[in-house]
Amino acid sequence: MISEWSMIGIDKKEVTAEASDVLQLFDAHQAKSRKVSLSNVKDRKAKLRSLERSILKHRDAICEGMHRDFNKPATEIDLTEIYPVLLEIRHAISNLSHWMKDENVPTPLSLFGAKSKIRFEPKGTSLIIAPWNYPFQLLLAPLVSAIAAGCTSVLKPSESAANTTIAIKKIIQDCFNEDEVSIVEGGVEVSTKLLKLKFDHIFFTGSSQVGKIVMSAAAKNLTSVTLELGGKSPTIIDETADLNATVSRIVWAKFINAGQTCIAPDYILIHEAQKEEFVKKMVEQLEKNYGKNTAETKDMASIINQKQFDRLNTMLKQAIELGAKVVFKGVSNGSEKGIAPTLIEGVSLDSQLMQEEIFGPLLPIIIYEDKREVVDLIQSKDKPLALYVYSKSKKNIDYFLNNTSSGGIGINMSAAHIGNSNLPFGGVNNSGIGKSRGRFGFLEFSNQRGILDQKMKSSIEFLSPPYTSGKQKLISFLMKYF
Ligand code: NAD
């Protein structure tokens with residue numbers, strides 16, 4: 001039965017054929033979600049295996065779609081899109097029996113005779129909204145968690161990566177009925193309509209600005225949310241860092257996907273003693289990875305669309321107007337919306353480049369003398385999604401760890417923490433709410449139901465009125481000792 005339009009806050013007059021499809025789909029999901037929630041370990045593992053097979057079958061289609069969307073090199077697609085999802089599936093299959101098992105917990109003496117446990121029950125019907133920058137990984141990794149948890153899922157991919165969505169549709173249609181996992185395509189209007197529905201959980205990956213819109217829409221239905229957002233992830237290089245390893249890791253993490261990575265190093269904070277050598281080695285490494293004439297490289301993706309391309313160029317122009325100096329700019333990579341790796345010094349902290357998430361292959365380098373300046377700068381900004389420290393000094397590493405906060409942290413490494421499903425992945429405050437991947441993702445899609453099972457004939461109720469002095473003494477005794 002189709003829900004009442006008014007109950008979900010959609011004005012009947014504004015309902016288009018498309019929106020009515022969405023409503024019917026949502027109702028079908030709700031009807032199916034009870035059956036899916038009763039699925040056992042074997043059923044869920046079978047679904048995950050079927051998803052794995054389907055991904056491998058459509059590997060070429062994924063590569064073709066993403067190549068069309070933003071010229072992403074095939075090796076990078078395998079490494080950063082397909083393989084992480086396969087890893088996530090395999091990790092879930094290996095651990096699912098353990099995750100789904102009721103967890104026994106201790107019971108206080110005041111509740112003597114009872115047994116306590118936590119059951120991980122599926123939340124129900126989930127909505128997963130993804131961005132364009134890793135259009136495959138960021139839609140399917142949360143789906144793995146939703147399947148593991150026993151939820152049905154409506155997937156809303158980004159409209160900016162429509163060719164990748166064609167491949168994802170094939171994968172999903174191969175292994176799921178439409179009332180269990182389905183894809184709803186479209187931009188802001190479709191997303192807005194979906195957000196009015198009373199989903200049991202919303203998992204959103206995207207910008208902090210849209211994250212706020214998602215959270216306020218979810219609040220109307222008191223739907224729980226996971227928000228995987230963005231931010232400016234600082235990279236600190238102190239006076240003791242080994243520059244060879246530092247530079248190759250930073251070049252990899254910053255310029256993969258043409259810098260369009262939520263956990264890419266956003267800006268460098270480098271000790272003055274290391275700056276000159278760092279820039280020299282960065283240029284050498286960039287030329288090693290992408291060739292002396294980056295116009296010929298096929299190994300760097302393009303910027304996703306004209307809007308992002310213009311935004312990055314405007315940012316750079318404004319920084320230069322405010323006094324910044326470009327110390328290295330490779331030749332444009334020749335593709336229509338290619339921006340070559342660019343290193344910038346003397347950037348004003350008031351420039352857009354230092355105020356907004358960069359999300360492209362522009363890398364500001366800021367010099368510091370005293371590590372307190374670093375902490376002051378980081379603390380003056382929103383808590384980032386990631387923070388990186390390159391150092392050989394344990395004292396310095398501890399100092400930066402203890403005096404900053406971020407969703408995740410890489411020590412002598414950048415962006416690789418997302419590759420370990422045993423670590424929680426996500427932001428803090430402005431960079432996100434809730435964690436994903438592995439068991440953390442499973443928990444986001446699960447209701448942790450506390451179960452207290454009292455088998456004794458008499459329990460805490462023997463302390464009910466009338467409140468005699470004996471009962472009062474017993475309560476005082478409990479308060480003092482237990
Ligand atoms: P975006 O926030 O513009 O869009 C994300 C999704 O939200 C898209 O599917 C889009 O259709 C939808 N959307 C856009 N505007 C909306 C609105 N007003 N109402 C409802 N839905 C709306 O993000 P993007 O440009 O696609 O991606 C880049 C951002 O995502 C960056 O800020 C980046 O840091 C962040 N990101 C975060 C992570 C993470 O794991 N934390 C990963 C990748 C990207």
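**Ligand contacts and salt bridges in a predicted model**

Modeller: A polar side-chain atom of Glu357 lies 2.5 Å from an oxygen atom of the ligand. This is a predicted model, where local features need pLDDT of at least 70, side-chain atom pairs count only at pLDDT 80 or more, and totals for chains, interfaces and linings use all residues. Residues are numbered from 1 along each chain as its sequence is written, and side-chain values use heavy atoms, with hydrogens and water left out.

Colleague: What makes the pair of Ser191 and the ligand a polar contact?

Modeller: A polar contact with the ligand is a pair of N or O atoms within 3.5 Å. A polar side-chain atom of Ser191 is 2.8 Å from a ligand nitrogen atom, so the pair qualifies.

Colleague: How do you know that the ligand lies between domain 1 and domain 2?

Modeller: Domain 1 (5-229 + 435-448) and domain 2 (234-423) both give residues to the shell around the ligand, so the ligand lies between them. The bounds come from an automatic or database domain assignment.

Colleague: Why is the pair of Lys232 and Asp266 called a salt bridge?

Modeller: The term needs a side-chain nitrogen of Lys or Arg within 4 Å of a carboxyl oxygen of Asp or Glu. Lys232 and Asp266 meet at 2.5 Å, N to O, so they fit.

Colleague: Why is Asp266 called buried, but Asp102 partly exposed?

Modeller: Buried means under 20% relative accessible area, exposed over 50%, partly exposed in between (1.4 Å probe, protein chains only). Asp266 has 4%, so it counts as buried. Asp102 has 26%, so it is partly exposed.

Methods: Polar contact = N/O pair within 3.5 Å; in protein donor to acceptor, adjacent residues only side chain to side chain.
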